[in-house]
Every structure is written in structure tokens, then in C-alpha cells.
Amino acid sequence: MSARAFDEVTIPYGDKETGAMRITCAHCGAVAYFPHLTGVNRKPPSMAAKHFAGGGWAVGSSPKQDFCPLHVSPAKRKGEKAAAADGGKVDAATAPAVNPPAEMSREDRRIIFAKLNEVYGDGGYVAPWTDAALGKDLGVSPAWVRDIRAEFFGPEGSNPQYDACIAACDAAEAAHASLQRAQADLFREAARRADAARAEIAKWYEATAEEGRAEFATAKAAIEEVRRTRAAIREEIGK
């Protein structure tokens, strides 16, 4: 016999969206959902059937035999059909809410308890588990996990892998900040030395230029004296 299948839709789940199996009442059209893509593994239809049944639904072998908690009773369905035949209408206000179950069912409690037995050790979770990680894996609220864990097991405890990761991240941040400070100090020292070097070069250039100007002036005066002497000699010889 093949497993019962349910329609699959996308529903809001926290601040995201997730896949869910949907059951629809064959009598009034009310619906309920079972999120099945919230953990590591996809949850099977059999788990959805147990979830719906735990919420008071009658889960049949086909969608035509599914009925919400309000219409599980054949007598209730028959009474409403008779009223409709007489021109009456089913009161929509009495139909179940079209929202995912917000309360932990007996089946949810059983599944969470069983998983906690696997991952809860001496005084805390076995790494890398936490309330949040277990809730994500099972596709249930971490608050449900916290309540069951606190009531039957003990404190959440510390997660060694998580603590080691946080410590490593803090150390990396501290090392990065230290490197930035050292780099800034290096840049400041390089700038100071460059300024000092430029000042020394300017000073040397000015001194060299001044010395060159003085030597040039001396050389110019000497050549002018030579020219005057030569002119005087020529004039004297010419006479």
C-alpha cells in the first residue's frame, strides 16, 4: 500500500518561507499545514499524517476522506448538509483557522524528546547542538525545544565548538586591530622620515646653489679681467 500524499505549498515560517504539506477538509475547505523542509532532512508524509491526527484531524486514505476537527463527526457533517439543503449556511466563523498550528502537539513533544535523548549529554548539549540548532533540524520552534529540555533534561550548557569559534573570531579581530595600528604607526614614521629627507635635500640644494653662484661670480670676474688685459695689450701693440 502506497504512503498517503499531501499537497505541497510554500508558507511563511518565522521571517522566511518554507515548504509545507497541506491538508484540506473535504467538508468545509479549512486547511492546516505541516512544515517539512525546515531541517536538514525532508520529513516524510507519514510524519505529516501523525501531526495532523495529533491536531484533531481525521486523516483518510485520500483527500476526500480528510476532515477538520470541527467536522470529524459524521453526525456534524450530516447536520450541516441538512441545514444547507433547507437553505441554511455553514457559519464560517466556526471553521478552523487557516494558519499553521501554533501550539506544540503531543507528536511534536515526542519527537523533540527523542531527539534530545540523542544529543543531550552530561549537563549540556553534545557539540555542535543547541536549542536553535535542534529546532532548525526538526522544523519546530526553538522555544518548544527549550521548554522540553529545561523540564526533562537540564540547562542548555556550553557548546565547545561554538565557544572555540567565538574565541578564534575574537582573537582574529584583536590581531587585525593590532596589525592596523602597527600599519598606521609605520605609515606615520615613513611620512616623518620622508619629510626629514626632503628638508635635508632642500637644505643641501640651497647650500650647493649658493656655493655655485659664488664660484660663478668669481669666474666671471676673472674672465672679464682677462678680456680687459687682452684689449689693453692689443691697443698697446697697435700703437
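Is the crossing of H4 and H5 left-handed or right-handed? The crossing is right-handed, in what is a predicted model. The tour returns to that pair after a look at the whole chain and its N-terminal part.

**Whole chain**

Start with everything displayed and coloured by secondary structure. The protein has 6 helices and 3 strands. Read from the N terminus, the order of elements is β-β-β-α-α-α-α-α-α. Colour by accessibility next: of the 239 residues in the protein, 23% are buried. For contacts between residues at least 6 apart in sequence, 54% link residues at least 24 apart.

**Stop 1: Phe6**

Select Phe6, in the segment before strand S1 (7–13). Its relative accessible area is 9%, so Phe6 is buried. Now show what surrounds the residue. Setting aside residues up to four places away in sequence, Phe6 touches Met21, Arg22 and Ile23, then Pro45, Ala48, Ala49, Phe52 and Val59. For a distance to display, take the C-alpha atoms of Phe6 and Ile23: they lie 6.4 Å apart in space, with the two positions 17 residues apart in sequence numbering.

**Stop 2: His36**

Move to His36, which sits in the loop between strand S3 (31–35) and helix H1 (45–54). Is His36 buried or exposed? With a relative accessibility of 1%, His36 counts as buried. Its contacts, leaving out neighbours within four places in sequence, are Glu8, Gly19, Ala20, Met21, Asn41, Arg42 and Lys43. Draw a line from the C-alpha of His36 to that of Ala20: the two residues are 16 apart in sequence and 5.3 Å apart in space. Met21 is among the contacts of His36, and Met21 is also touched by Phe6.

**Stop 3: Lys115**

Go on to helix H3, where Lys115 is found. Lys115 counts as buried because its relative accessibility is 17%, and the cut-off for buried is under 20%. Which residues does Lys115 touch, not counting residues up to four places away in sequence? They are Trp129, Leu134, Asp137 and Leu138. Keep Leu134 selected for the next stop, where Leu134 appears on the H4 side of a helix contact.

**Stop 4: H4 against H5**

Show helix H4 (residues 131–138) together with helix H5 (residues 142–152). Their axes come within 8 Å and cross at roughly 120 degrees. That angle makes H4 oblique to H5. The handedness is the one given at the start: right-handed. To see the contact itself, select Asp131, Ala132, Leu134 and Gly135 in H4, which meet Pro142, Val145, Arg146 and Arg149 in H5. Coloured by class, this contact has 4 nonpolar, 1 polar and 3 charged residues.

**Stop 5: the buried side of H5**

Hide the contact and keep H5. Which residues of H5 are buried? They are Trp144, Val145, Ile148 and Arg149. Why are they on the same side of H5? They cover an arc of only 125 degrees around the axis, which puts them there. The spacing follows a general pattern: an α-helix has 3.6 residues a turn, so residues three or four places apart point the same way. Looking down the axis of H5 is a convenient way to view this. Then bring back the surroundings: what covers the buried residues of H5 includes helix H3 (106–119) and H4. Two of these buried residues, Val145 and Arg149, are also in the contact with H4.

**Last stop: Gly154**

Finish past the end of H5. Gly154 follows the helix, and its phi is positive, near 150 degrees.

Terms used. Residues numbered from 1 in each chain as written. Predicted model: local features only at pLDDT ≥ 70, side-chain atom pairs only at ≥ 80, totals over all residues. Heavy atoms only, no water. Axes fitted to C-alpha atoms, helices over the stretch in contact; angles between N-to-C directions. Helix = DSSP H or I, 4+ residues; strand = E, 2+ residues; numbered from the N terminus. Parallel < 35°, antiparallel > 145°, perpendicular 65-115°, else oblique. Left-handed = near helix turned anticlockwise from the far one by under 90°. Contact = heavy atoms within 4.5 Å. Nonpolar A, V, L, I, M, F, W, Y, C, P; charged D, E, K, R; others polar. Buried < 20%, exposed > 50% of the residue type's maximum accessible area, 1.4 Å probe, protein only. Arc of directions from axis to C-beta.
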